[in-house]
Amino acid sequence: MKLLILAPCCFFFIALIKLLYDYLWIPLLIQHMLNSQGIRGPPYRFIHGNNKEVTKMKQNVLSKSVGLTDDLFPKVQPHIYTWTNRYGKNFVYWNGARAELVISEPELVKEVLKNSEQIFQKKKLSDIGRKFLGNGLIFIEGEKWAKHRKLANHTFHGESLKNMTPAIIASVETMLEKWKGQEGKEIEVYQEFRLLTSEVISRTAFGSNYMEGEKIFAILSKLTVITSRNLSKTRIPLISKLWKSADLLESEKLSKEIKDRVMKIVKKREDKVVNGEANSFRSDFLGLLLNAYHDSDEKNRLSLEDLVAECKTFYFAGQETVNSLLAWMVLHLAIHGDWQEKARREVIDIFGNQNPHLEGIAKLKIMTMIINETLRLYGPSNSLPRAVTREVQLGKLLLPANIDILPLNIGLHRDRHFWGDDVHHFKPERFAEGIAKATNYTTAAFFPFGLGPRSCVGMTFAIIETKVALSMILQRYTITLSPAYVHSPIPILTLRPQHGIQVILEPTHSNA
Ligand code: HEM
């Protein structure tokens with residue numbers, strides 16, 4: 001009888017000690033260690049950390065619209081903005097019991113990102129994050145990452161990019177065909193570019209078309225929203241292990257659905273080889289993945305789970321990012337007619353009324369400046385989270401194990417020290433003499449595609465796609481902003497226009 005009472009009491013006591021150790025003692029120890037080195041921040045609160053404050057601040061700004069030349073930082077990351085102003089460029093806050101060290105000093109940012117292969121690896125994903133893109137290139141580590149990265153690099157090497165250009169052009173032509181007869185009417189371009197970028201990545205990486213990937217994009221879009229709204233949710237100890245939230249259940253269901261859809265596309269490609277309709281899996285991304293999946297050498301072989309994860313990663317990363325970039329560029333060109341005209345002149349000078357080609361694309365200097373300035377102000381990603389797994393030195397700081405680091409690109413891209421008092425204004429001329437000159441040779445003042453070994457594998461492809469699409473639009477249309485447009489950028493993993501971007505297109509009268 002005594003044992004019956006004693007056993008649960010012991011269990012309860014041990015669980016309580018563990019809870020207090022993990023959720024009180026360790027966070028307070030970390031807080032003390034960082035505070036004593038001059039890193040301050042909002043105080044840790046038991047179990048929740050600062051999540052309640054973060055959620056409240058995010059809700060408060062949700063309905064607020066911002067001016068076109070206002071600072072976006074308080075709208076997009078209100079908690080980080082507030083605490084940067086209060087505690088300085090480097091500070092610590094608490095996502096539950098996990099310390100998040102925000103850094104926006106360029107030297108520290110550079111040190112973290114350049115060493116993200118070994119020391120500062122990717123932040124561990126939540127259960128929902130794992131269902132979304134876990135096991136894919138963006139989040140894996142070590143040898144597995146090196147193997148997958150090699151495949152991805154191969155997908156985007158010089159000759160492959162050349163072969164992809166006609167598919168990009170054909171996709172843009174499909175979009176432009178739809179625009180015929182819409183002259184003088186309002187068009188919502190964020191949605192238009194959503195279809196375009198979906199079509200482009202489907203054709204170039206998977207040799208299929210948007211219709212085939214349509215459902216995958218729709219599911220990924222749902223998973224993006226679920227992942228985004230769970231970023232600052234507290235996981236209650238024990239309960240979160242025993243009980244699955246509605247969002248986790250939903251993401252499990254969606255993840256299974258994506259797997260089935262991807263498998264259909266994979267099977268179709270495999271069947272072509274099995275049935276003798278093709279003699280190889282081809283050399284696009286899907287083909288490379290399939291070759292690796294069937295590799296006879298176990299060391300090089302890719303598991304089915306990894307193959308599906310990489311397909312999801314490419315569908316997501318290849319679409320969402322360029323979608324935003326194109327939309328924000330069109331917004332700025334609609335507002336800044338002078339830059340629109342300069343960009344059009346350049347396009348006409350290089351291509352006339354012919355379709356773009358790779359040699360000409362490399363010469364589009366004005367457009368490169370416009371892309372850079374748009375990425376500086378409206379880059380799709382706001383921070384590049386990393387984890388500290390063991391005690392480590394960062395600059396003069398000694399960091400404890402088991403914390404996260406957030407190198408803050410939005411802070412650096414909008415730092416007056418580098419960009420001057422007109423930091424929030426769209427001024428592509430900043431980049432007239434290249435990125436190094438614009439940043440006064442400070443590498444980590446501008447890194448829209450990341451830095452170091454984990455930087456974007458699709459950068460060149462993204463830039464080519466953007467330049468081709470914009471060149472072909474400018475050859476045909478003059479863009480003005482519709483009075484219906486409401487400026488409200490919101491972060492749903494990438495930075496998006498909450499109410500879309502409405503513009504009016506008129507045929508251009510440029511003489512080639
Ligand atoms: C405007 C377009 C894009 C921007 C601004 C962008 C930005 C980024 C950034 C900042 C990173 C680094 C993340 C980190 O360090 O944590 C990254 C990584 C990555 N990007 Fe992009 N990206 C773009 C387009 C693309 C495209 C078109 C693809 C693929 C088709 C792609 C695939 C990837 C992948 C797979 C990684 C992970 C690389 C690794 O960890 O080895 N991205 N991207």
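Trainee: What makes E4-E12-E9 an open sheet, and which sense does the pairing have?

Mentor: Three strands line up in the order E4-E12-E9, and the pairing is antiparallel. The sheet has edges: strand E4 (186-188) and strand E9 (477-481) each pair on one side only. Keep in mind that this is a predicted model. On average, neighbouring strands here are turned by 45 degrees against each other, direction ignored.

Trainee: How do you know that E4 and E12 count as a pair?

Mentor: Count the bridges. Strands pair if DSSP finds at least two bridges between them, and E4 has 3 bridges with strand E12 (residues 502-507), in the antiparallel sense. So E4 and E12 meet the criterion. For a spot to look at, find Glu 188, which stands opposite Gln 502 in E12.

Trainee: Which helices pack here, and at what angles?

Mentor: Helix H9 (residues 189-206) lies across E4 and E12, at about 50 degrees to E4. H21 also packs on the sheet, where it touches E9 and E12, and its direction makes about 95 degrees with that of E9.

Trainee: Why are H10 and H14 called roughly perpendicular?

Mentor: Helix H10 (residues 210-229) packs against H14 at an angle of about 75 degrees, with the axes 10 Å apart. The range for roughly perpendicular is 65 to 115 degrees, and the angle falls inside that range, so the label fits.

Trainee: Which residues make that contact?

Mentor: From H10 there are Gly 213, Ile 216, Phe 217, Leu 220 and Thr 224, and from H14 come Lys 312, Tyr 315, Phe 316 and Gln 319. Sorted by class, the contact of H10 with H14 has 5 nonpolar, 3 polar and 1 charged residue.

Trainee: On to the sheet E1-E2-E8-E5-E3: why are E1 and E3 said to stand at the edges?

Mentor: Strand E1 (91-95) and strand E3 (120-122) each have a single partner strand, so one side of each has no neighbour in the sheet. This sheet of 5 strands is open too, and its pairing is mixed. From one strand to the next, the twist averages 35 degrees.

Trainee: What makes E3 and E5 a pair?

Mentor: Bridges again: E3 and strand E5 (residues 386-388) share 3, in the antiparallel sense, and at least two are needed. Phe 120 has Val 388 of E5 as its bridge partner. Helix H5 (residues 106-114) packs on the sheet and touches strand E2 (98-103), E3, E5 and strand E8 (403-407); the directions of H5 and E8 make about 115 degrees.

Trainee: What makes E10 and E11 a hairpin?

Mentor: Strand E10 (residues 489-492) and strand E11 (residues 494-497) pair in the antiparallel sense over 4 bridges, and just 1 residue sits between them. In the turn, Leu 493 has a positive phi of about 65 degrees. One bridge joins Pro 491 to Leu 495 in E11.

Trainee: Now the ligand: how do you know that Arg 386 makes a polar contact with an oxygen atom of the ligand?

Mentor: Set the distance against the cut-off. An N or O atom in the Arg 386 side chain is 2.7 Å from a ligand oxygen, and the limit is 3.5 Å. The Lys 122 side chain also qualifies, with an N or O atom 3.1 Å from a ligand oxygen. Leu 137 uses a backbone N or O atom, which lies 3.5 Å from an oxygen atom of the ligand.

Trainee: Which elements give two or more residues to the shell, and which gives the most?

Mentor: Those elements are helix H7 (142-155), helix H14 (304-335) and helix H21 (459-476). H14 gives the most, with 5 residues. By class, the shell has 16 nonpolar, 6 polar and 4 charged residues. Of the 26 residues around the ligand, those that come nearest are Trp 145, Arg 149, Arg 386, Arg 454 and Cys 456.

Terms used. Residues are numbered from 1 along each chain as its sequence is written. This is a predicted model: local features need pLDDT of at least 70, side-chain atom pairs count only at pLDDT 80 or more; totals for chains, interfaces and linings use all residues. Side-chain values use heavy atoms; hydrogens and water are left out. A residue is near a molecule or strand if one of its heavy atoms lies within 4 Å of it. A polar contact is a pair of N or O atoms within 3.5 Å; within protein, one must be able to donate a hydrogen and the other to accept it, and residues adjacent in sequence count only if both atoms are side-chain atoms. Ala, Val, Leu, Ile, Met, Phe, Trp, Tyr, Cys and Pro count as nonpolar, Asp, Glu, Lys and Arg as charged, and the others, Gly among them, as polar. Axes are lines fitted to C-alpha atoms, for helices over the stretch in contact, and angles run from 0 to 180 degrees between N-to-C directions. Contact means heavy atoms within 4.5 Å.
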